[in-house]
Structure formats: structure tokens, C-alpha cells
Amino acid sequence: MMMRMDQRQIDELVAAATEVRHRAHAPYSGYLVGAAVLTADGRVFAGCNVENASYGLSVCAERNAVAVAVAAGCRDFTGIAVVTQSNPPAAPCGACRQVLAEFGDFPVILAGLDGNLQTTSVRDLLPRAFDPATLAAASEEDPGRTP
Ligand code: THU
């Protein structure tokens, strides 16, 4: 069963994502994104998008927030908030959905600058993900493989 967040946790996550969004390095797109993940032990880790002159090397806010949490030893995520300037608020890109699915199914709060909130989940954003369970369900040998 997916853990739910209470209103206080949602407010805390959105506040952290809103704050870190101002530190985004987005000189090429001008599109600032802030993300914050909540972990099972109640800690919050925030990340912003970091663009690069070699555009394809840009990294989204969600993946940076996940990396900060993992580097701190926290991988048990109970929620993520993403703050964007889009209306309605933007949902994570496909690459970020895949990275979030690595860590299970949890609520995803989408927030706009006007305080507009929408709640979805990793599973809703990426049904039938290729995730750790997919690899765990693999048979050990590929019958078609020639020695
Ligand atoms: N971006 C994110 O940070 N998260 C997303 O889920 C979508 C896009 C960033 C990447 C780029 O720096 C800017 O937004 C415009 O695409």
C-alpha cells in the first residue's frame, strides 16, 4: 500500500521545492523547476534543474533531488513535490518518471506558483514501469542464447 502524506508534510515539501527552485541554473530555457522528496524517516531533500551549454547534459530537478537523498543514504521515498511555472503545474518528464519508479510508488505533488496543487502518483505517471521487480522476474538463462 502506498503511504499517504498528511497536509503538514505536503506543505513542507512544497515549501522546500519552491525555495530551491529559485536556485535553478536555467539560463537557456528560463524554466525554473524545484523538487523535494520526503523520506520515511521524515527528512526532506531538495534539488533544482541544472542546465548546461551543451543542452543535452541538463539535469532535471527531480533527478537532482533524488540524487541528493540517495547520497545522504535515504532511498525510502514517501513523496515528492515538483514546483513549476506552468499552469496547470507540469508533471515530471519521462526520464524522471523512470528514475522515480526505481524507488517505488509514492505520491507526486505538482505545484504551480499560485499555490495550485495537484496530486498524482509514480504508478499513475508511469504504469507498467520497467523497475527492479521486472529484473527480479527475469529467468536466469536466455533460452535463445547460443553458448
Ligand atoms: N525540467 C525539469 O527540471 N523537470 C522536468 O520534469 C521537466 C523539465 C527542466 C529541464 C530543463 O532545464 C527545463 O526544465 C526546460 O525543459
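# A guided tour, hairpin first

Select strand S1, residues 34-39, and strand S2, residues 44-48: the two pair in the antiparallel sense over 5 bridges. Keep in mind that this is a predicted model. Now pick Ala35. Opposite Ala35, in S2, stands Gly47. S1 and S2 make a hairpin, with 4 residues between them. Click on Gly42 in the turn: its phi is positive, about 85 degrees.

**Stop 2: Val37**

Stay in strand S1 and select Val37. Is Val37 buried or exposed? Its relative accessible area is 0%, so Val37 is buried. Show what surrounds Val37. Leaving out residues up to four places away in sequence, Val37 touches Leu13, Arg43, Val44, Phe45, Ala65, Val66, Ala69, Phe77, Gly79 and Ile80. Add Ala15 to the view. Val37 and Ala15 are 22 residues apart in sequence, and their C-alpha atoms are 11 Å apart in space.

**Stop 3: the largest nonpolar core**

Val37 leads into the largest nonpolar core, which has 20 residues. Select the residues with the most contacts inside this core: Val37, Phe77, Ile80, Leu100, Phe106, Val108 and Val122. Nonpolar side chains tend to be buried together in soluble globular proteins. Which elements supply at least two residues each? They are S1, H2, S3, H3, S4 and helix H4 (122-125). H2 gives the largest share of this core, 4 residues.

Now centre on Phe106. Neighbours within four places in sequence aside, Phe106 is in contact with Met2, Phe77, Thr78, Gly79, Ile80, Leu100, Thr120, Ser121 and Val122.

There is also a second, separate core, of 12 residues. Among them are Val14, Ala17, Ala81 and Ala111.

**Stop 4: aromatic pairs**

How many aromatic pairs does a search of the whole structure find? It finds 3. Begin with Tyr28 and Tyr55. Their ring centres are 5.4 Å apart and their planes stand at 40 degrees, so this pair is tilted. The pair links distant parts of the chain, 27 residues apart. Tyr28 sits in the loop between helix H1 (7-21) and S1, and Tyr55 in the loop between S2 and helix H2 (61-71). Colour the two by accessibility. Tyr28 is partly exposed, at 43% relative accessible area. Tyr55 counts as exposed, at 59%.

Next, select Phe77 and Phe103. This aromatic pair is tilted too, with 5.1 Å from centre to centre and 55 degrees between the planes. Phe77 belongs to strand S3 (residues 77-83), while Phe103 is in the loop between helix H3 (94-101) and strand S4 (107-111), so the pair ties together parts 26 residues apart in sequence. Phe77 counts as buried, with 5% relative accessibility. Phe103 is partly exposed, at 24%. Add Phe106 to the selection: Phe77, Phe103 and Phe106 form one aromatic cluster.

**Stop 5: helix H1**

Select H1 and look along its length. Its 15 residues should span 21 Å at 1.5 Å a residue, and its end C-alpha atoms are indeed 21 Å apart. Then highlight the buried residues of H1: Gln9, Ile10, Leu13, Val14, Ala16, Ala17, Val20 and Arg21. Why do they lie on the same side of H1? Because they cover an arc of only 160 degrees around the axis. Show the strands next. The buried residues of H1 pack against S1, S2, S3, S4 and strand S5 (117-121).

**Stop 6: helix H3**

Move on to H3, and select Cys96, Leu100 and Ala101, which are buried. Their arc around the axis is only 140 degrees, which puts them on the same side of H3. What do the buried residues of H3 pack against? Turn on H2, S3, H4 and helix H5 (132-136) to see these partners.

**Last stop: Thr84**

Finish in the loop between S3 and H3, at Thr84. At 2% relative accessibility, Thr84 counts as buried. Show the contacts of Thr84, leaving aside neighbours within four places in sequence. They are Arg21, Tyr31, Leu32, Val33, Pro89, Ala90, Ala111, Gly112 and Leu113. Two of these names have come up before: Arg21 is one of the buried residues of H1, and Ala111 is included in the second core.

Key: Residues numbered from 1 in each chain as written. Predicted model: local features only at pLDDT ≥ 70, side-chain atom pairs only at ≥ 80, totals over all residues. Heavy atoms only, no water. Pairing = 2+ DSSP bridges. Phe/Tyr/Trp six-rings, centres within 6.5 Å; stacked < 30°, edge-to-face > 60°. Buried < 20%, exposed > 50% of the residue type's maximum accessible area, 1.4 Å probe, protein only. Core = buried A, V, L, I, M, F, W, Y, C linked by side-chain atoms within 4.5 Å. Contact = heavy atoms within 4.5 Å. Expected span 1.5 Å × (residues − 1). Arc of directions from axis to C-beta.
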